[in-house]
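Work through the exercises below with the sequence and the coordinates open. Each task is followed by a solution in steps.

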Amino acid sequence: MWLLWLPWALALPAPAGCSEPADPASIFADLSPAELRAVRTFLMGRPELGLSPSQGGPLAKNSLFLVELLPPPKRRALRFLEHGGARPPREARAVLFFGAQEEPNVTELAVGPLPSPSSYRPLPLRGGRPVPFWARPMTRREYELLHGALVAALAPLEPLLLEATGFGFQNCSERCLTFSDIAPRGLAPGERRTWLVIQRFVEGFFLHPAGLEVLLDHRDPDPRRWSVQRLWYNGRYFGSVRELAQSHARGSLAPARLPEPPARQQLFSTYEPRGRFPSGTRTDVHGAKVCEPQGRRYRLRGNRLEYGGWSLAFRLRSSAGLQLFDLRFAGERVAYELSVQEAIAFYGGHSPAAMQTKYMDAGWAMGASSYELARGVDCPETAAFVDAHHLLDADGPVRFRNALCVFELPTGVPLRRHFDSDFQGGFHFYAGLEGRALVLRTTSTVYNYDYIWDFLLYPNGVLEAKVHATGYIHATFYTPEGRRYGSRVHTHLLGNVHTHLVHYKVDLDVAGEAPRQLPTPAGRGEGAGGGGTPGTGRGHRAQEGTPGTGRGHRAQGGTPGTGGTPRTQGVCPQRGGLISGGSPVPLTPRCVPSVPQDLVAWVTVGFLHVPHAEDIPNTATPGNAVGFFLRPFNFFNEDPSVASRAAVIVRPLDPPVCSRVRIERWTPASPGPCVHPEPFGYNGTYRPV
């Protein structure tokens, strides 16, 4: 059935007496495990959908792939938040695979109202056409079948693989081969064929390619019709498994013999410590730590976060990751939404897998790849941790413990400071304000790469969006021809050159939805000027402005020296139907409104990564971070951080001698002990609930 074209929605009587959480931020909260289960139970019970369990069974079935929150329309949300309107009904977005029909497709449904769903309706897709079944995301079941088909197809190559690598596919227990797949899965519409990079399954297997890449066609829903179409081995192409096997049997093929991998402690791809620093610095003791001597200075209530003048709601959507809503400073809205939309990596290379790799990680559900954060490593010991629950390619919700963290971070540099010299060997005064920021963090481990996603809130009304790239590089087997496309980072390993691009949605509501100036495309100039009414924020008056001076915020590039200048791909009117900028097709809005209206900026930041030997075993975070700042521009009459009591002022009592000073501070003279009493612990599991 083509549910996308049905002009109706199934409706049943909604139960009465449902209670809603009191906090307005809860309209943006992720679905609870109970809500996820309720949506699945409701859809599985609809006979017209004919849904089967996600796990097991054939590919040619109707199944539920994803359930996540469907945020309320902006206008309805603002009527509730600003004008005391009715609370928007809570709905879920469900992605269904309809594979058991003549023309299979992928369909999205809105399901509600929650917590007891009673109806659904099709969600319109861009282009007005459903997503064809061949373009669906991969599932666990398809990977299982893909592995089985690969093992069976490569059976004739077992002698070659054992001779060259000492590892194999057939009946292996410890010395096994595995594979990594790349995307896109084809070069033309209708294709679903994937290049698979064969690797030795040791710790850090991403850095252990065996020299063999296999193109496997798996478009047909019946795995019995899948086939290997082409192979690449050590720089040469082969049209079939048989051709490669015969070349090896005749002795006309020189195997790419790999050395025996050492014990794990000496393996170059492991995190096991090795070597010593020549300075003799001790690394077997604890270094500097973050502490909160008088306790936490922020408030975390459900999905509501408050710090200094900041207040916002947040969620971790399964498809694309962190999403902030209703961002306010001093009670006045700065942005309605700020969210991660997509992370892309384009590769170059000599081998077919490398030259075709163009990852769009929202298609790999990077939001649901939010595995446990380690206390004291991924986040300070003092951080507050939040669990996440996802229903993705599963038959029930899965709990990802400690998937997000919140912590206050000393920046190591004062927010403001000045030494006022008298130019006679003394001074008139010294004043400084401690540098602090609140960090909201999660990670996405999309196979080899780990992205660390941060939103930082500063006490002067500045917000920073930042992402660090770490994890294993996407590497291929070294051949001399490959050096044109990367660096030889180990004996048999080529680090392929690639570009990272990260896409954000910035729905600026400076002083509400009133008209405002446009932000400049590359973060230069004066940003999104205002036109709104003077604010009534607590603690600081908003800028009433001199005539001709617009209130606003501006986007500014962060992390200088890394190529991280943000590029505003487009500034478009807000449309109720445009929820996300991430899709299988890159979004490049091309519209500048001729009249002021509610605007959304699509901001992209990125950097070029030329791998090098120091990317072994992992890419390090220093130098591999990009982001941007949202800075107030004539939004306040003065820097709002003057409300902070963390300032220090020193004035001499006997100038110009300056032998006695008066120290003014509004915090305790001593911070007290800064030791976290709990030992390190880690669970690492993510299990159904």
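## Exercise 1. The whole chain

Task: State what percentage of the residues of the protein chain count as buried, then describe its contacts, surface and secondary structure.

Solution.
- Step 1. The model is predicted. Of the 689 residues in the protein chain, 53% count as buried.
- Step 2. Take the contacts with a separation of 6 or more: residues 24 or more positions apart account for 64% of them.
- Step 3. About 31600 Å² of the protein chain is exposed, and 54% of this comes from carbon and sulfur atoms.
- Step 4. The secondary structure of the protein chain consists of 6 helices and 35 strands.

## Exercise 2. The nonpolar cores

Task: Find the largest nonpolar core and say which strand gives the largest share of it.

Solution.
- Step 1. The largest nonpolar core has 111 residues. Leu154, Ile198, Leu212, Leu231, Trp453 and Tyr504 have the most contacts inside it.
- Step 2. Strand β16 (residues 332-347) provides the largest share of this core, with 7 residues.
- Step 3. At least three residues of this core come from each of domain 2 (140-266) and domain 3 (298-407 + 435-518 + 552-558 + 565-576 + 597-642).
- Step 4. Another core, of 19 residues, lies apart from it; Leu36, Leu49, Val67 and Leu96 are among its members.
- Step 5. As background, nonpolar side chains in soluble globular proteins tend to be buried together.
- Step 6. Return to Leu231 and leave out residues up to four places away in sequence. Its contacts then include Leu154, Leu157, Trp195, Leu212, Val214 and Phe238, as well as Glu213 and Arg236.

## Exercise 3. One residue of β16

Task: Place valine 334 and determine which residues it touches.

Solution.
- Step 1. Valine 334 is in strand β16.
- Step 2. The cut-off for buried is under 20% relative accessible area. Valine 334 has 4%, so it is buried.
- Step 3. Leaving out residues up to four places away in sequence, valine 334 touches Leu327, Arg328, Phe329, Leu508, Asp509, Val510 and His553.
- Step 4. Histidine 553 is 219 residues from valine 334 along the chain, yet 7.9 Å separates their C-alpha atoms.

## Exercise 4. The two sides of helix α5

Task: List the buried residues of helix α5 (residues 241-250) and identify what covers them.

Solution.
- Step 1. The buried residues of α5 are Val241, Leu244, Ala245, Ser247 and His248.
- Step 2. These residues are on the same side of α5, because they cover an arc of only 155° around the axis.
- Step 3. The pattern has a general basis: an α-helix has 3.6 residues a turn, so residues three or four places apart point the same way.
- Step 4. Arg242, Ala249 and Arg250 are exposed on the other side of α5.
- Step 5. The cover over the buried residues of α5 includes α3 (140-153), α4 (158-165), β9 (209-217), β10 (227-233) and β11 (236-238).
- Step 6. Just after α5 comes glycine 251, with a positive phi of about 85°.

## Exercise 5. An annotated tyrosine

Task: Establish what UniProt lists for Tyr449, and decide whether tyrosine 449 is buried or exposed.

Solution.
- Step 1. In an unreviewed entry, UniProt lists Tyr449 for "modified residue: 2',4',5'-topaquinone".
- Step 2. Tyrosine 449 is in strand β23 (residues 449-457).
- Step 3. The relative accessibility of tyrosine 449 is 3%, so this residue counts as buried.
- Step 4. With residues up to four places away in sequence left out, tyrosine 449 touches Tyr347, Ser444, Ala469, Thr470, Tyr472, Ile473, His498, His500, His609 and Thr619.

## Exercise 6. Backbone checks

Task: Examine the backbone at prolines 113 and 115, alanine 365 and tyrosine 447.

Solution.
- Step 1. The peptide bond from glycine 112 to proline 113 is cis, with omega near -10°. The bond from leucine 114 to proline 115 is cis, with omega near 20°.
- Step 2. Proline 113 is in the loop between β4 (105-112) and β5 (119-122), and proline 115 is in the loop between β4 and β5.
- Step 3. Alanine 365 has a positive phi, near 55°, and is in the loop between β17 (358-360) and β18 (384-392). At 9% relative accessibility, alanine 365 counts as buried.
- Step 4. Tyrosine 447 has a positive phi, near 60°, in the loop between β22 (436-446) and β23. Its relative accessibility is 43%, so tyrosine 447 counts as partly exposed.

Definitions and conventions:
Residues are numbered from 1 along each chain as its sequence is written. This is a predicted model: local features need pLDDT of at least 70, side-chain atom pairs count only at pLDDT 80 or more; totals for chains, interfaces and linings use all residues. Side-chain values use heavy atoms; hydrogens and water are left out. A nonpolar core is a set of buried Ala, Val, Leu, Ile, Met, Phe, Trp, Tyr and Cys residues joined through side-chain atoms within 4.5 Å. Buried means under 20% relative accessible area, exposed over 50%, partly exposed in between (1.4 Å probe, protein chains only). Helices (H or I, at least four residues) and strands (E, at least two) are DSSP runs, numbered from the N terminus. Domain bounds come from an automatic or database domain assignment. Contact means heavy atoms within 4.5 Å. Accessible areas come from the Shrake-Rupley method with a 1.4 Å probe; for residues, only the protein chains shown count as cover. UniProt positions are given in the numbering used here, feature names are shortened, and annotations may be inferred rather than shown by experiment. The arc is that of the directions from the helix axis to the C-beta atoms.
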